[in-house]
Amino acid sequence: MTEDQVRSKSLLPPLVARLAKGSRWPLAYALSLGLVGAAIVHIVVLLLVPEFADRNAWTHLAGIAPPNRATPLEGDALKLLKTPDPAFQIAACRFDLAEGAVHVATAGKVPFWSASVYDRGGRTLFSLSDRSGTSDVLDFVVLTPDQMVEIRDDLPEDFAKSVFVEVPDDEGMLVLRAFAPDDSFKPFVSQFISEMRCAPR
């Protein structure tokens, strides 16, 4: 045992005894500091969980679909969106607004559809369904605030009935879910999903 170790062992009991006999404030202060530190770590972990979980979804989608193209999801690809309900058919589009505003639309009608726009971290930026809009037709435009200013000055004719969704970043992900209550609806829902357009104008 080194001399420093001997000295530290000899100082330890008197230090503990002094804390035990003395005021309780140092102990309370240490406990409070520990609790605050644990709370901060807990909050940071909670904030990072969606970031890492959905980054996997983004990475997986990037591996199976090019940007600005609607891709129907089947089999294992559905797991990344955590939607196990087999009554829903799903398509996703990883968009890049650097190429221009993205027009999302499809023809036909189904019993129910919903569309959500996410940023790269998986946070929901916008959500719309055929029950919440003024029309049950899927037709909206995803764009940045700067692109919105440009379009207002010269609104394209095919955007006249579109819903405009402003997002803060160029890259994101769009997910369309369509409901088939029974097997007789599945062909119509499949066509609705497969014909979704998600491309820059």
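This passage describes a four-stranded sheet, the helix packed on it and a histidine in one of its strands, as found in a predicted model.

The sheet is open, and its strands follow the order β7-β6-β3-β9 with mixed pairing. Strands β7 (163-166) and β9 (197-200) form the edges; each has a single partner strand, so one side of each lacks a neighbour in the sheet. On average, and with direction ignored, neighbouring strands are turned by 20° against each other. In general, the strands of a sheet pair through backbone hydrogen bonds, in either a parallel or an antiparallel sense. Here, the pairing of β3 (residues 102-105) with β9 is antiparallel and extends over four bridges. Within this pair of strands, Ala-105 is found opposite Arg-197 of β9.

Helix α3 (residues 145-153) packs on the sheet, where it touches β6 (139-143) and β7. The direction of α3 makes an angle of about 145° with that of β7.

Strand β3 also contains His-103. The relative accessible area of His-103 is 8%, which is under the 20% limit, and this residue is therefore classed as buried. A polar contact of 2.8 Å joins the side chain of His-103 to the side chain of Asp-139. When neighbours within four places in sequence are left aside, the contacts of His-103 include Asp-139, Phe-140 and Val-141. Further contacts of His-103 are made with Asp-158, Phe-159 and Ser-162, and with Arg-197, Cys-198 and Ala-199. Arg-197, which is in contact with His-103, is also the residue that Ala-105 stands opposite in β9.

Methods. Residues numbered from 1 in each chain as written. Predicted model: local features only at pLDDT ≥ 70, side-chain atom pairs only at ≥ 80, totals over all residues. Heavy atoms only, no water. Pairing = 2+ DSSP bridges. Helix = DSSP H or I, 4+ residues; strand = E, 2+ residues; numbered from the N terminus. Axes fitted to C-alpha atoms, helices over the stretch in contact; angles between N-to-C directions. Contact = heavy atoms within 4.5 Å. Buried < 20%, exposed > 50% of the residue type's maximum accessible area, 1.4 Å probe, protein only. Polar contact = N/O pair within 3.5 Å; in protein donor to acceptor, adjacent residues only side chain to side chain.
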